[in-house]
Amino acid sequence: MTKPTTRIACGGLLLLCLLLLSFTPGATHTHTPAAIRLRVPAFASVAQAQADAPVVPSAVAAINALVDEAGIAAYFNRGGSINLGQVKGIYRTVEQETNQHLIGSVQVKTANYTYPETEDVHLYVNTNGWVMAYYLNADPVGKIFDAAQFDGGSVNTKLEIVLGRAATALGVGSGFTPTFYDFRYPNATHLLLIGEKTDQTTDSFQVNLPATFTFFERGWALWKSHSILCTCNLTLNDVVVATVRNADEGKYGTLSAGQLATGQGHTISIFDTALSVIGNRYTTGGLALIYRETP
Amino acid sequence: MKTPRVKLILLGALLLISALVLLARSYAVVDAQGNAIGITGADFARTMQTVDSTALRDSLNTVLPRIVIEFADKNRSEPLRYPVGMVGDVTAPNVTNLQVSVNAANRSATITWLTDEFAQTLLSYGRQPGTYDQSFTDAHYAKQHTALITNLTLGNYYFIIRSTDRDGNQGTTSENNFTVADAPTPTPTLLPGLQLRAIQPAEGVTSQATNVTASGSGFAAGISVTLQRGTQRHSLNAVSVTSATQLQATVPANLPVGLYDLVVQNSAGQRAVLANAFSVLAGAPQILEVLPNQGVSDLPNEISVHGFNFAVGAVVRLETTLLPTTRINGNQVLATVPAGLAAGKYDVLVINPDTQQGVLSDGYAVYDSSSNNDLFGYAFELWSNPGAPKAGETAQIGLFVHRQGGKSVLTDVKVRFLLGNGAGSTLGEATLPFLDPAKGFDSTPPLAVTFPTTGEIVVTAVIDPDNAISEDNEANNVITRTLAIDAPSADRTPPVVTDIQINGGAHQTSDTATNIAVTATDPTPNPSGLKSAYLVEYIFNNAVNHWVPIQQSGWLAYDETPDYYGWHLRPIAGMHYLQVRALDGANNISVGAARAQISYAPTSDTLGRGQTRIYRYTVAAGQQISVRVEPISGDPDLYVWSSNPAQSAWVSNNEQGNEQVIVPANEIVAGTYQIEVYGYTTTEYRLIVEIGVPSLVAATAHPPRSPTAKTPPTAPVLAIANTPDDRQGAPPSPSATQTTVIRQLFLPLVRR
């Protein structure tokens, strides 16, 4: 079982922070920027100040932690209270559980496809009705693209798949409308996903970004679903950006403002040298852009 | 989707076929009226219907910029919306690291700060404290903020920052300020072009002319130089401007003895004033007043002796005890009464080097610290409201009563007010319900009085007139003050002092030479116009536990808004308050809390054992304050208090070495911080205070603490909210003819 390097890094940093706090005199008065921000209301802080009392993160502290750690996210409100027990079963790991909320990771799985654990989505569920699926802020926005199941039709996201799993568990079914937000870019107004699929050949699209827009992230995604031995590339203006060779292997990243400059056309191509396909498995990819239309 | 190359081939083939078909046809080309137009020899011809190009352009104008996508299989756009309801943040953003950079050359200021969460920016600013009529807005969310303000003019700007986070929580900083000055200087500058800073020598004898040199700025040919006091104007002779910053002149002989303001006026009519600048001396010293005129035996006491003819080298003695003396000018010397003197009354002497001396009999009283009880008052605390009562109209008068010593609370302390020097009619009585022992201090309730006619009157207040309270000193209970009663005027509204800036709002100075900017208005209805300003400088004397008016001006002309006055603080370390009163054309005097504070921190200061020096600084949210006391000799201790009475002091009371306290930004209670340096033994020390954002203040850790048996105080020596009372510092009569050129003296009439 391979752990994603980002999660290892985050875990290591957290451990380091905890160790530092443990050995720093007067740590209660020290603001550690890297640490989770505690913005606890007075009544909660009094409760937490009880000596030797077990530290139970308040709902406020938890949501502030989410705000700090989350990147691209999709959420909905169930429209009523939630019994956490109903949804707990879909979690692969539970990182935090209180009477008010659950935080953990959930496997991205549909009836037709199951993503490997590297694609797991974080899920926050609160008894007050809020459900939010998100990737950590270190993950590029392209990671949300449900590339493995993209067949040239609708563009879906892994966040919605996990929200769907939660909704099903909560009895909401498909009766929810997700709203997207990227906590890293408070000034962004739009998310744009552009999908391209190819099989046995090369397929391309062109994009021209207006100079009047502000782009916060120029993300890309590349996913190879089929198991045929081949080399699959994503190129930008004929320059290889990423390569995948194995079945169910995906890569994500970001392009710089210089690579995907505004005011000029760019060609993004997906190459797949496989000689045949199995079922509806393709090599897919595309762009994921976070931007603001007004200055 | 096929590749572009395939698409292009198909499109080319289609165009080729179309062209071949068109060439095979014949054309009948007609003009706009339907007439046929003959064309010969052409291979191809085509007409196009013209359309209204304006409509097309308008239509195209509705196409907004967009991301153009070609040949993609699919795309999807989603708006991004912050989940306000889910996050439910109720905490406003916190502003830190506030920094201001003023570009004097292009009249702009760049203000940067950080917020602890994403927040929008609204920076509001203006020229007056509390009034922000301009703003800089940035609707983008950020944690690092920059506001560039342009088109500024010279002078002070005041601003606040409102930060709004994504949940709509809004936080507002306290007021900050910056100064746009012609040249970048460490000290914020509010100064006009013409300034006066000093005069040398600052005194002369009346029997002969005195050549003087004045320093300042903006001097030019045609400037006039005068010594002024009240209605007196004495022009200096032989004025010679040697540079823009220096001029020479001659003070004529035979000027009346006393203390004068130095006034210069350029050819454009601009004036500069250096208050209390020049003393004219003649003959032997004469003592008029000692402030304070008493103290306890176990604490050293810093006193101010006022009078005439105090020559260079003059010293003060309490009978046979020579006091350490600092001569301010020919009319004031400061001296320190040591601890340990026997209780009793002492004659005060000022002795010039030529052995001429002045004596004030029983001018100072020493009380036994453990057993004494005395009531007394000062003329500067015999107050009236309005400051200049009107004939036939009700006014209020009152007196602050002090109590030295005592063991229990006194009740019903009576004060009788009389018209005249004690022999006139009784105006009425006012009774203090309670007066605490051990340096108690309070004002009587106001007594309503009506003065029927105009002119100068003397009001006398007699403390404990029926002698119901046994005191160690019954001779200091009678206080007098002269009031000028004016005729009622159409302008019945007193002026208002809206702003006082000492050195442009600086916290601290190590130089006694300061510049005071006073802003006042004369409100409607029927404003008669601003005429004068009156300044009183207070220090806090912890030996007697009350504020002492260490220096006053006369009524100084108020010519412009703001008007500027050169002012030399009296050289006593610690906080100095400048109280200002304004006078309008109808002789209405402003009331209220018009005062500003600056801490005077000289290169070094000395304290006797048990003596405390108090400094006050304003610290804003996001800043930290670092205080270090470096002993040169002896053992000073350091206590720092915030304005939150629930907080105990930050303490550094080592038995040797430096004392240091750092209050970090996250513990700052925005507002006043009081620094108390306590002489655990007689000590000379140096104080270093740094206030700023943490990155700007040396983040030196607290020094190692050595074990100490010292017990830190549980309360500040003086409550942080304690400032000179609004009613103190009674201004001189605005219409009184000043027959003497000594500053108003608050001389208690000793009788009984």
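**Interface, cysteines and local backbone features of the A–B model**

Arg76(B) and Glu160(A) form a salt bridge, with 2.5 Å between the closest N and O atoms. The model is predicted. Across the interface of chain B and chain A, one salt bridge is found. The contact involves 36 residues of chain B and 54 residues of chain A. Together the two chains bury about 3800 Å². Carbon and sulfur atoms account for 56% of that buried area. On the chain B side, Arg76(B), Leu80(B) and Met86(B) supply 22% of the area buried against chain A. No other three residues of chain B supply more. Arg76(B) thus appears twice in the description of this interface: in the salt bridge with Glu160(A), and among the three leading contributors to the area that chain B buries.

Chain A was then examined as a whole. Its secondary structure comprises five helices and 14 strands. The chain has 295 residues, and 51% of them are buried. Among contacts in chain A with a separation of 6 or more, 72% link residues that are 24 or more positions apart. The exposed area of chain A is about 12900 Å². Carbon and sulfur atoms supply 56% of this area.

Cysteine pairing was searched for over all chains. The whole structure contains zero disulfides. A disulfide is a covalent bond between the sulfur atoms of two cysteines. One pair in chain A deserves a closer look. The cysteine sulfur closest to that of Cys230(A) belongs to Cys232(A), at 3.4 Å. The cut-off for a disulfide is 2.5 Å, so the sulfur atoms of Cys230(A) and Cys232(A) are too far apart for a bond. Seen from the other partner, Cys232(A) is likewise in no disulfide, and its nearest cysteine sulfur is that of Cys230(A). Cys230(A) is buried, with a relative accessibility of 6%. Cys232(A) is also buried, at a relative accessible area of 0%.

Backbone geometry in chain B includes two cis peptide bonds that precede proline. One runs from Asn385(B) to Pro386(B), with omega near 5°. Pro386(B) sits in the loop between β30 (382-385) and β31 (394-405). The other joins Thr561(B) to Pro562(B), and its omega is about -10°. Pro562(B) is placed in the loop between β43 (556-557) and β44 (563-568).

Positive phi values were also found at non-glycine positions of chain B. Phe71(B) is not a glycine, yet its phi is about 70°. The residue lies in the loop between β3 (68-70) and β4 (74-79). Phe71(B) is partly exposed, with a relative accessible area of 26%. Asn276(B), likewise not a glycine, has a positive phi of about 50°. Here the setting is strand β19, residues 271-281 of chain B. Asn276(B) counts as buried, because its relative accessibility of 7% falls under the 20% cut-off.

A final feature concerns the surface of chain B. Leu56(B), Leu60(B) and Val63(B) make a nonpolar surface patch of about 280 Å². Leu60(B) belongs to helix α2, which spans residues 53-61 of chain B. The relative accessible area of Leu60(B) is 52%. Leu60(B) is therefore exposed, since the cut-off for that class is over 50%.

Key
Residues numbered from 1 in each chain as written. Chains lettered and ligands numbered in written order. Predicted model: local features only at pLDDT ≥ 70, side-chain atom pairs only at ≥ 80, totals over all residues. Heavy atoms only, no water. Patch = residues over 30% accessible without salt bridge, like charges linked within 9 Å, V, L, I, M, F, W, Y side chains within 5 Å. Areas by Shrake-Rupley, 256 points an atom, 1.4 Å probe, with all protein chains shown as cover. Salt bridge = Lys/Arg side-chain N within 4 Å of Asp/Glu carboxyl O. Helix = DSSP H or I, 4+ residues; strand = E, 2+ residues; numbered from the N terminus. Buried < 20%, exposed > 50% of the residue type's maximum accessible area, 1.4 Å probe, protein only. Contact = heavy atoms within 4.5 Å. Buried area = accessible area lost by both parts, 1.4 Å probe.
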